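Hi,

Here is the structure I said I would pass on. Have a look at it first, and my notes follow underneath.

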Amino acid sequence: RNAVNTDAAALDEMARRVWIATFGHSAPAKDIQAYVDVAYGPKGTLRRHLADPAFDFHVAVANGIVVGYCKLGPTFLTDEAETAGLIHLHQLYVDPAQHGAGVADALLDWAKDFARRHGAKGLILTVWEENHRARRFYEKHGFVHVGDYAFRTGSQIDRDLIVRLTL
């Protein structure tokens, strides 16, 4: 279902937990904390974007608990890749306990349908080069590597791959 403002706390908690489980090992603790402090919590980016009409969120709920979400919105990419006519898929997170249950597929289907309904010619996103599970998922669904993006976690810079799906 589409997310609503009353989902903020549950969505934020789930996203923080998944982000730390996925990326918490990838940088020094102070850099991880610096990222988490900006991205999550009552004044974090996630909650600000949930309240911003420029962003669209879709949540997967099982037994009343948020187990995944997808976030679409304006791109932050500038010169790294061509973005005209594309919708930026900012995040597609699934609780690890739900991996393999079809949650990610359902959320991606929603994103593709959203893009088509809004006249977009495709989706674009960034994925950390060392997030092999996510990379395999996007490759399986037809995304292709079109550029690189420097992703900052605190003071650390990592290489994200920019991938695009043509609809």
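**Charged pairs and overall fold**

Let's start with D113, which is partly exposed at a relative accessible area of 40% (buried means under 20% relative accessible area, exposed over 50%, and partly exposed in between, with a 1.4 Å probe and protein chains only). Its partner R116 is partly exposed as well, at 48%. The two form a salt bridge, with their closest N and O atoms 3.5 Å apart; the term stands for a side-chain nitrogen of Lys or Arg within 4 Å of a carboxyl oxygen of Asp or Glu. Both sit in helix α4 (residues 103–117), three residues apart, so about one helical turn separates them.

Before going on, a word on the model: it is predicted, so local features need pLDDT of at least 70 and side-chain atom pairs count only at pLDDT 80 or more, while totals for chains, interfaces and linings use all residues. Residues are numbered from 1 along each chain as its sequence is written, and side-chain values use heavy atoms, leaving out hydrogens and water.

Back to the pairs. D148 and R159 also meet in a salt bridge, at 3.2 Å from N to O. This one links distant parts of the chain, with D148 in strand β5 (residues 144–153) and R159 in strand β6 (residues 156–166), eleven residues apart. D148 is partly exposed at 37%, and R159 is too, at 34%. Elsewhere, D12, R16 and R47 are joined into one network by salt bridges that share partners.

K30 and D31 pair up too, with 3.7 Å between the closest N and O atoms. Here K30 is exposed at 61% relative accessible area, whereas D31 is buried at 5%. The total for the model is ten salt bridges.

Now the whole chain. There are five helices and six strands (DSSP runs numbered from the N terminus: H or I of at least four residues for helices, E of at least two for strands). Their order from the N terminus is α-α-α-β-β-β-α-β-α-β-β. The C-alpha trace spans about 35 × 35 × 30 Å along its principal axes. Of the 167 residues, 48% count as buried.

Finally, contacts, meaning heavy atoms within 4.5 Å: among those between residues at least 6 apart in sequence, 60% join residues at least 24 apart.

Cheers
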